[in-house]
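Biologist: I am new to this one. Please show it to me, and then let us go through it step by step.

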Amino acid sequence: MISGSKIRIERWGRALAALMLSWLFASSAWAFDLPELMGLLAQQKSGEARFTEQRFVRGLEGPLDASGVLSFTAPDRLVRRTLSPRPETMSVEGNTLTLSRGGRTRTLALDSMPELLGMVEAMRGTLSGNGQSLQRYFRSTLSGSATGWRLDLEPIDPRLAAQVRSMRLSGRGGEVLGIDMEFIGGDRSVMAITPERGAGTAAVPSAPSAASARTTP
Amino acid sequence: MTRAAAAPGRRRVALTLGLWLLALLAGATLIARTHFSADLSAFLPASPDARQQILIEQLQSGIASRTIFIGIEGGRDAAQRAVVSRAVARAMRDSRLFDLVQNGDTSDWKDTGTWVFDHRYLLAAGLTPERFSAAGLRDAILDSLSMLGTPAGNALKPLLDRDPTGETQRIAEGLIPASSPRSEEGVWVSRTAPRALILATTHAAGSDLDAIALAIARVQGAFDEATREMAGDGPSLEMTGAPVFSVQSRDQIKGEAIHLAVVGGIVMGALLLLAFASPRALVIALLPVATGVVGGTAAVSLVFGEVHGLTMGFGSTLIGETVDYAIYYLIQARGAAVAGTGWQRWRDIHWPTVRLGLLTSVCGFAALVFSGFPGLAQLGVFSIAGLVAAALVARFVLPVLAPDGATGMGMRRQMAQLAGFLVRGLPRLRWLLSGLGVAALALVLWQGGYLWRANLGAMSPVPKAMQSLDAELREDVGASDGGTLVVVHGSDMQATLRSTEAAGQRLEALVDKGDLSGFETVTRVLPSEASQAARIASLPDAATLRSRLAEATQGLPLPAARLEPFIADVQAARALPMIRRADLAGTPLDAVVGALMFERTAGGWSTLISLHPGASFDPARLAAALDGLPDVQVVNVGDELSGLYKRYLRDAFVQVMLGALAVVVLLAAWLRSGRRLLAVCLPLVVAVVLTLGGMAALHVPLGILHLVGLLLIVAVGSNYALFFDQLRETGRADEDTLASLMLANLTTVVSFGLIAISDIPALSSIGRVVAPGALLALLLSAAFARTAAPSGSGPR
C-alpha cells in the first residue's frame, strides 16, 4: 500500500516536472513582444537623460543641431530642456503644455491640439510602459530583443499622419536610447539619448532584473 | 318694496360698472403694449459703486449677455457629432445673426490668419529696436529654426523666408486662449461628456429678446436640418447662456404664470363652488382677482416702463390674497333682514376690518417700493396696486352685482362647524404653540446669519438643471466665468488702449512666473496707435536690415540671401496705415474687440482683460503687479456679486422691518388699545417665527424672496387676526364670518401651495414660506383669541 502510493506520487512528480520543463522551454521560445517591452519600460518610474539631436530640413544648408536634457516623471510629466543653441523648455504635465523660450512662457491645453496630444501620448505611453495609450495613436512594429529593440510607429490619426510619416524608438531593456522621426515633406530628426549617470545607476539594475523576470513565469 | 331705496341707484350702478370696465380695458391695453423683461439685472441695485457698475453693465449689455453655449450631445459617435457641429456652425455663420461662431473648426480663421500675417509688424507686441538689431535677429531666427524638423515645422516652413523672426507665430500664440477646449475630429468637444461644443455671440443685444429668440430658433432649425437623416441615433441639442435663459425665462415664467393661474383657478373654483354651490358666485368671486392682476401689472408697466417676468409670476401669488376679499364679501353680506341691503350691512360691519387689513398690507409692501433694487420695487408696486384694485372691486363693484352676497349654502355649514371646533379647541393648545414658538425663535437666533445663506443664484428664474448644464458647458469651453477680471478705464479709446497695454505688460510678467497661464486682451488685435507707431519706428530700412541679416545669419544654415522677401515685407510694413477699429469690421476679430472693449454709457471707454489663473495664482500678487496703474482695477466677479447680494439682503431686511413697523403703527392708531394691538400682533409674530423655525429645522437656505414671503404672511395674516379681533370686540362669532375665514384661508394656502411646487425657484421659495405661514397665522389667531367664541351656532 505504502510503496504503491509512493510510486504513484513519484509518477505524479515526474509528470509535473516534465510539464514545468516544457512550459519553461515554451516561454523562452516566445518572441519579444510589445507587452513585454512595456513591462520593461514600466519599471522605470522616472529618469533623466542628455540628448543630442540633429534635424535635416529640406531647403536649409546643413543640419540643425540641438542638445539638452530630457526628464520623465511617471506617470505624465515630460520635460525637454534644450540648452544649445538657444535655451528653451517644453514641458507637459497632465493636460498642460508649457513652452518657455526667449524669456517668455506660454501655457496651452494639450488636448486642444490633437496632433500634439498624439505625439505626447506616444512618448508618455512608451516611457511609462502604457501600451494601450501608445496603440491608440500609432500602429506599432517591434523588432529585436530585450537587449536591443526597435519600436516602429506609424500614426493612425489622419491629422497627425499629415505631418509625421513615422517614428522609431530604439533602446535596451527599460531604457529608450534613440528617437528618430520622419516628417511628411522629407524632413527628418535623429535624437540620441544618454541616460544621466545619477539616474543611470538607478536604471541599470532594472535591465538585468527585467531579463531574469522574463524567464520565471 | 324698499329694494329701490336700499340698492344702489341705477345711475350709480352704471357709473360704477362703467368706470370699472373702463379701468380694466385701459389696464389690458397697457399690458398688451408692455415690454416683458427677464434678465436678472433687474434685481441688481440701481445705484451701485464703480466696480458694481461695470459688472451690471456687463450683465446687461456686455459679451456675457450675448454669449450662447451650445452642446451637441449623445448620438452615435464623435464623428457624427463633428458632422452635426460643422453643419450647425456653418448655417449659423451664414445666417448673419451671430457676430462670432466658434466650434474649433479653424477653416474660418483662414482670412483672419492672412490679415494677421499682413499686419504682423503692427501687431507684434515684442517689436522693439533691439529685436531688429543683429543680435536680436539672430536670436529670433534661431527660435524659428528650432521649430523646423519638428511636427510643427511644416506649418512654419512656408513662412520662413518672409517671417524668419517668427512674429506671426508669436501673435498666433497670444490669440490662442490658454484654456482652449479639447479638440476631436477637428471640432471642440467636452472633456467629460460625449458632446461637441459651439460657442456663439449673437449680433443682437442681450436685451433684445425677440431678436435673440430668432437667433436661438435659427440654431434649433440648423440642428434639425443637420440631424434629419439620423432618425433614432442622432445627438440632441443643448443651449445655455444668458440670452437663452432670458428668452426661456420669459417664456417659462409666462407659461408658469398661466399654468398657475389655470390650476389655481380650477382648484379655487372647485372650493368656491363647494362653498357657494353657485356658478354665479364663483364668477363674481374671481372678478377682484382678475382686476387685481390687471391693475398690478398695468401699474408696474406705467411706473417702470417694463414688467419683469418674475413680477408677473409673482402676480399669480396675489390670487390667494385677492380672492379673500370676494369671499369675505359674498359670505358676510348674506342674511340681510331686508333683501338688497346685505351690502350695506357688510359695508358698515365688516368693510372697516377688510379696509384695515388692506391698509396693513399696503404699508408692508410700501417698504419694497422704496427699495434700491428695481426688481424688488416692482414687486411692491405690483402688490399695492393689485390689492387696492381688488379691494375697490370688492367694495364697489360686488355690491352692484350681488347686493346680498352669495345665496347658496353649499358646504359652508360644515366649514363653519370645523371653524367653530377649531376656535373652541385651539386656545387649549396655546401653551404648546407658545412653547413651539419659543423653541423656533431659539433655533432661528442660534442659526442667525447662517439661515440667510441663499445666494444671488437662488433668485435666478433658471431651473437648477439648466444652471448645472450651463456650468458644465462653460467648463468645457474654458470660459472664464465668475473669476477675476481686470478692468481698464480711459477718457477716450486710445488712452484706454494705452493703459490696457501697460496692464498687459505687467500681466506678462505674471504669466512668465506661472501665476497666470494666460490672459486675453483687446490690444493683441487692436494695439494703441502709439504702440503701432513705435513698432513701425523700430523697423530698419532695407540696406540696414540687409547688412544686419548678413551678420545675424553667420554660421546658420539659413543664408541671408534667402531672406529678401522678408526685407521687402518689412519695407512694405513701414508704409502701412495704422490698424483702426473700423478695419476689423466683419472679421472674427471684430467680435473679439467687441467682447473686450466697450464705450461706457456714462462716457469714456473701458476694456476688460480676462485672466486664466495658473497653478500658483494669488489675488494679492495680481493686485501688487497692477499697483500704481491708476486706470486699472481688479474686479473679482464672485466677490462683487456676493457683496451686491449681501447689500441687497441687508437693504431688504431694513425695508421689511420698516414695513412691519408701519403695520404696527397703523394697527395701533386704529385699534387704540395696547391689549388689542398685542392680541392682533402676537399670532402674526408667532406665525412668522414658527415658519422661520420650520425652514431652519429643514435646513432650507433662505434668501430675499423668502423675506418677501414673510411680509406676505403678515399682509395676509393681519386680515385673519383683525377678524378675530372684531369677533372678540363684537362678541359675535357667527357661522358666516368663521366660514369666510376658513374658506379665505383655504384658498390662500392652496394657491401658495401650488406656487410652492413651481419649477421656478424664485416663485417656489415664496410659496414655501407663505403657504404654511398663512395657515399658521389663522390657527394662531384662533388659538390666541382671548375671549373664546361663544359656543353653539351663532345667529343666523
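**Two chains, question by question**

Modeller: Start with Arg96(B), which has 9 other C-beta atoms within 10 Å and is therefore exposed. Keep in mind that this is a predicted model.

Biologist: Where is Arg96(B) found?

Modeller: Its backbone has a positive phi of about 65°, although Arg96(B) is not a glycine. As for its place, Arg96(B) sits between helix 4 (78-95) and strand 3 (98-102) of chain B, in the loop.

Biologist: Arg672(B) also catches my eye. Is Arg672(B) buried or exposed?

Modeller: Arg672(B) lies in the loop between helix 26 (637-671) and helix 27 (674-697) of chain B. Its phi is positive, about 50°, and it is not a glycine. Burial takes 20 or more other C-beta atoms within 10 Å, and 12 or fewer make a residue exposed. Arg672(B) has 9 such neighbours, so it counts as exposed.

Biologist: And Arg195(B): buried or exposed?

Modeller: Arg195(B) is in strand 6 (residues 195-202) of chain B. Beyond four places in sequence, its contacts are Gly71(B), Ile72(B), Glu73(B), Val189(B), Ser190(B) and Asp476(B). It has 24 C-beta neighbours inside 10 Å, so Arg195(B) counts as buried.

Biologist: What separates the C-alpha atoms of Arg195(B) and Ser236(B)?

Modeller: Along the chain, Arg195(B) and Ser236(B) are 41 residues apart. In space, their C-alpha atoms are separated by 9.3 Å.

Biologist: Let us step back to chain B as a whole. How many helices and strands does chain B come to?

Modeller: Chain B has 796 residues, and 49% of them are buried. Its C-alpha trace spans about 120 × 55 × 50 Å along the principal axes. Its secondary structure comes to 30 helices and 13 strands.

Biologist: Among contacts in chain B between residues at least 6 apart in sequence, what share joins residues at least 24 apart?

Modeller: Take the contacts in chain B whose partners are at least 6 apart in sequence. The share of these joining residues at least 24 apart is 82%.

Biologist: Now one helix pair. How are helix 28 and helix 29 of chain B oriented to each other?

Modeller: Helix 28 covers residues 704-730 of chain B and helix 29 covers residues 735-756. They pack with axes 11 Å apart, at an angle of about 170°. An angle over 145 degrees counts as roughly antiparallel. Helix 28 and helix 29 of chain B are therefore roughly antiparallel.

Biologist: Which residues of helix 29 of chain B make that contact?

Modeller: By class, the contact has 5 nonpolar, 3 polar and no charged residues. Helix 28 of chain B brings Val716(B), Tyr720(B), Phe723(B) and Leu727(B). Helix 29 of chain B brings Thr737(B), Leu741(B), Asn745(B) and Thr748(B).

Biologist: On to chain A. Which strands stand at the edges of its sheet?

Modeller: In chain A, 11 antiparallel strands form an open sheet in the order 6-5-4-3-2-1-11-10-9-8-7. The twist averages 15° from one strand to the next. Each edge strand has a single partner, so one of its sides is left without a neighbour in the sheet; the edges are strand 6 and strand 7 (138-145) of chain A.

Biologist: What is the bridge partner of Val164(A) in strand 10 of chain A?

Modeller: Strand 9 (residues 164-172) and strand 10 (residues 175-183) of chain A pair in the antiparallel sense over 8 bridges. In strand 10 of chain A, Val164(A) is matched with Phe183(A).

Biologist: Where is Pro85(A) placed?

Modeller: A cis peptide bond joins Ser84(A) to Pro85(A), with omega about 10°. Pro85(A) belongs to chain A's loop between strand 3 and strand 4.

Biologist: Which element of chain A has the lowest mean pLDDT?

Modeller: Chain A has a mean pLDDT of 78, and 76% of its residues reach 70 or more. At the high end stands strand 11 (residues 188-195) of chain A, with 93. The lowest mean, 37, belongs to helix 7 (residues 206-214) of chain A.

Biologist: Last, the two chains together. Which strand of chain A gives the most to the side that touches chain B?

Modeller: Here 33 residues of chain A are in contact with 30 residues of chain B. The chain A side has 14 nonpolar, 9 polar and 10 charged residues. With 6 residues, the element that gives the most to this side of chain A is strand 6.

Conventions
Residues are numbered from 1 along each chain as its sequence is written. Chains are lettered from A and ligands numbered from 1 in the order in which they are written. This is a predicted model: local features need pLDDT of at least 70, side-chain atom pairs count only at pLDDT 80 or more; totals for chains, interfaces and linings use all residues. Two residues are in contact if their C-beta atoms, placed from the backbone, lie within 7 Å. Helices (H or I, at least four residues) and strands (E, at least two) are DSSP runs, numbered from the N terminus. Ala, Val, Leu, Ile, Met, Phe, Trp, Tyr, Cys and Pro count as nonpolar, Asp, Glu, Lys and Arg as charged, and the others, Gly among them, as polar. Axes are lines fitted to C-alpha atoms, for helices over the stretch in contact, and angles run from 0 to 180 degrees between N-to-C directions. Angles under 35 degrees count as roughly parallel, over 145 as roughly antiparallel, 65 to 115 as roughly perpendicular and the rest as oblique. pLDDT is the predictor's confidence in each residue, from 0 to 100. Two strands pair if DSSP finds at least two bridges between them.
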